Number of protein chains: 2
Amino acid sequence: MSSNVPIGVAGATAPTPQNTPLTQAPIALGLSRPTVPDISEDNEAETGGDDEGGPSLAGLEEHMAEMVQGKLAGLLGKSSGYIESLPVEIKLNVEALKGVQVKQNELHNQYKRECLELEKKYLELQKPLYERRNAIINGKAAPTSDEIESGEKASIKDDEDYTPLPKDVTPASEGIPEFWLTALRNHVGLSDLITDRDAAALKYLIDVRLEYLKEDSPEGKPGFKIRFVFSKNEFFENEVLEKAYLYQEEVGYSGDFVYDRALGTDIKWKEDKDLTKEFEIKKQRNKNTNRTRLVRKARPTDSFFNFFSPPVPPTEEGIEAGDYDDDEIADLEEKLEVDYQIGEDLKEKIIPRAVDYFTGKALEYEVMDDDDDDDDDDDDDDDDGQFDDVSDHGSSPF
Amino acid sequence: MSSNVPIGVAGATAPTPQNTPLTQAPIALGLSRPTVPDISEDNEAETGGDDEGGPSLAGLEEHMAEMVQGKLAGLLGKSSGYIESLPVEIKLNVEALKGVQVKQNELHNQYKRECLELEKKYLELQKPLYERRNAIINGKAAPTSDEIESGEKASIKDDEDYTPLPKDVTPASEGIPEFWLTALRNHVGLSDLITDRDAAALKYLIDVRLEYLKEDSPEGKPGFKIRFVFSKNEFFENEVLEKAYLYQEEVGYSGDFVYDRALGTDIKWKEDKDLTKEFEIKKQRNKNTNRTRLVRKARPTDSFFNFFSPPVPPTEEGIEAGDYDDDEIADLEEKLEVDYQIGEDLKEKIIPRAVDYFTGKALEYEVMDDDDDDDDDDDDDDDDGQFDDVSDHGSSPF
């Protein structure tokens, strides 16, 4: 009947008399998050901000815009003076409405809790299917002809030119090699995180699972956890790497859970296998003695595995004490947003529809932003010791 | 513990080794919508595109970007050739996974239907509170002291400087005049739509209600309906103006309902009271006879009440036949997005928390976009008849 072209979210200014511009609600509405200054992930690491000569301009603008808009919102709500000018007799009615609203909110929060229970119930119902999927991927079970037939029907529905496979062939006993590595690399955000070095380790990724946190869990807060299950490998000792996303105990203004912070597994890297570090050999000259020496330094580097060392929100005290400047806060907000969005996408899209990420089908349904192309190199970090750098450093990946 | 600064949604490019840029997911993800060409709301109306010398650039860019990104997405999913290169034995396993995915999707769609049932259940549970609210707003019932006390507790929680009202005053018997007009005007999108002329009519708005459409409703599709209830007034005969949002029968790729189209009540305007029209007196000269004449013309004008004449999605046949150019489609997409977003906000925010919109509190929680400031005047519409305009037209509002 009608085509399904996704509608954009950009500022909509339809210039006809029938229509007036409208503010778009961003996806993050209802989700408020703690702001965070930069932290160094390594003893020898510089702060993220210094690394690149300051935070990204886009983020800063966003931050400023939000502050201005916050002010506007306040004005818009209050500038008319209409409420203040009401006689006390009517103000009493308004207070009564607020009393009714308290009851409405309680009911709404109860609704949100029931929604979460429903989510959990269906995760349980999905589990046998997730296990079946896992068995096929890892060659622990042979697919049935019914499964193959049903899959081919879906393939034909998606693409009428699909050519059915020969039926006299025995499905491979090893399952589907590199299934999860391929699936993750077909997610735009994750493909940006996964380096070629990471890929060597992610070949050992055999399952990605979702779990809800119990109130009495070690984390002690509601939320969810993504479990990355690995087979034995030469990179790290852990069999499972986890990333937990915690919500605050109290729901937010709109009844939604409010993101609190994320926690990641401490990866036990085997010797010289830490993919989140890069080693560089520097020649340094002592200003006083004029002698040079060679120094081997570990420094943090791009890696998917940094996902397990999520940015840490700052304490409110730290912000009040002025420990962080606005740029640091904006930068950290961006990191938190990215970290959170990947978690949400794993939970809501990649885990539920992994085969569509493996084949690339899921991408046909993604609408993408593309202002993310300025990852310039950063070889100009300064050392604040007494040595001046006298040569370019050659970095060795292992 | 931690502050609640909302996180922005702009392209996040956190330039540190720990972090790589990530695509943000727009709110509209999962909601696909039909595209629509421009329609003229009046026999004498020009097309919206011509009105302003073409559609907004922002919308066009958005549209183009989406097309390019769609292409990229396709490439990203398929360029590696990895899937195609797999031996048939492994491809059989992939087809089997698709078969498992079919079952997963069925379960997910069942989950989405249960979510909708839960939503409906809580709307029923909220109804007595909505009725109580309505009674207080319209002076049909006096507030109880418990309600006022509970409301004042909430006020103190929000603002410790709140001064409690005197308790020896009787609440006003007329309720809260202009409650809904004030509440709607405190929503950023709606305040843009409501003209001063509209305000005179919206003073008669006494309730705004949400209803879910039944499968066997006249509309014949799932969806919801916003009911605007009016007291007797000099503007129109209707007591209720409705706006229905219909979903497509089939859920979309991600299991969400897909927006189909909106329907609005045909407003029975009293004579010369149509707020969606403006009358202008034009002097026109006949090119052949060189004589002039006066013509009174109705033309569409900005009004909140255009909300009840929603944009109409085009037929797929029309698009295929090339009836609309890309600009028209982009323009109509924007109109549909705006129209849909207002409906969503009424359903999810304004109706559930009307008192917060009345007081302006809700605005403190809104994050706003602000690229919507180019509503320039359009006095340069052309008449395609044989008469040339020879004077400025004076528009008379009634």
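Student: Where does E178(B) lie?
Tutor: E178(B) sits in the loop of chain B between α5 (145–158) and α6 (179–185). Helices (H or I, at least four residues) and strands (E, at least two) are DSSP runs, numbered from the N terminus.

Student: What about phi of E178(B)?
Tutor: Phi is near 55 degrees, which is a positive value in a residue other than glycine.

Student: Is E178(B) buried or exposed?
Tutor: Partly exposed, because its relative accessibility is 30%. Buried means under 20% relative accessible area, exposed over 50%, and partly exposed lies in between, with a 1.4 Å probe and protein chains only.

Student: What kind of model is this, and what are the ground rules?
Tutor: This is a predicted model: local features need pLDDT of at least 70, side-chain atom pairs count only at pLDDT 80 or more, and totals for chains, interfaces and linings use all residues. Residues are numbered from 1 along each chain as its sequence is written, chains are lettered from A and ligands numbered from 1 in the order in which they are written, and side-chain values use heavy atoms, with hydrogens and water left out.

Student: Which other residue with positive phi can you show me, in chain A?
Tutor: D272(A), with phi near 60 degrees; this residue is not glycine either. D272(A) is in the loop between β4 (259–264) and β5 of chain A. With 45% relative accessibility, D272(A) counts as partly exposed.

Student: Let's stay with chain A. How many helices and strands?
Tutor: Chain A has 11 helices and 8 strands. Of its 398 residues, 53% are buried.

Student: What share of its contacts joins residues 24 or more positions apart?
Tutor: 65% of the chain A contacts with a separation of 6 or more. Contact means heavy atoms within 4.5 Å.

Student: And how much area does chain A expose?
Tutor: About 18700 Å², with carbon and sulfur atoms supplying 48% of it. Areas come from the Shrake-Rupley method with a 1.4 Å probe; for residues, only the protein chains shown count as cover.

Student: How do β5(A) and β6(A) go together?
Tutor: They form a hairpin with 5 residues between them. In the turn, N290(A) has a positive phi of about 65 degrees. The strands, residues 277–286 and 292–300, run antiparallel and are joined by 9 bridges. Two strands pair if DSSP finds at least two bridges between them. K277(A) has P300(A) as its bridge partner in β6(A).

Student: Now chain B. What is the strand order in its open sheet?
Tutor: The order is β1-β2-β3-β4, 4 strands with antiparallel pairing. β1 (205–213) and β4 (259–264) stand at the edges with a single partner strand each, so one side of each has no neighbour in the sheet. On average, neighbouring strands are turned by 15 degrees against each other, direction ignored.

Student: What about β2 and β3 of chain B?
Tutor: β2 (residues 223–230) pairs with β3 (residues 240–247) in the antiparallel sense over 7 bridges. R227(B) stands opposite E242(B) in β3(B).

Student: Which helix lies across this sheet?
Tutor: α10 of chain B, residues 326–350, lies across β1, β2, β3 and β4. It runs at about 75 degrees to β2(B). Axes are lines fitted to C-alpha atoms, for helices over the stretch in contact, and angles run from 0 to 180 degrees between N-to-C directions.

Student: Between chains, how do α4(A) and α4(B) pack?
Tutor: At an angle of about 170 degrees, with axes 10 Å apart; each helix spans residues 88–137. That makes α4(A) roughly antiparallel to α4(B). Under 35 degrees counts as roughly parallel, over 145 as roughly antiparallel, 65 to 115 as roughly perpendicular and the rest as oblique.

Student: What classes of residue make that contact?
Tutor: 26 nonpolar, 12 polar and 12 charged residues. Ala, Val, Leu, Ile, Met, Phe, Trp, Tyr, Cys and Pro count as nonpolar, Asp, Glu, Lys and Arg as charged, and the others, Gly among them, as polar.

Student: And how does α5(A) pack with α4(B)?
Tutor: α5(A), residues 145–158, meets α4(B) at about 80 degrees, with axes 6 Å apart. The two are therefore roughly perpendicular. The contact includes I148(A) and G151(A) from α5(A), and L92(B) and G99(B) from α4(B).

Student: Last one: what does A172(A) touch?
Tutor: Leaving aside neighbours within four places in sequence, A172(A) contacts E89(B), I90(B) and N93(B). A172(A) is buried, with a relative accessible area of 12%.
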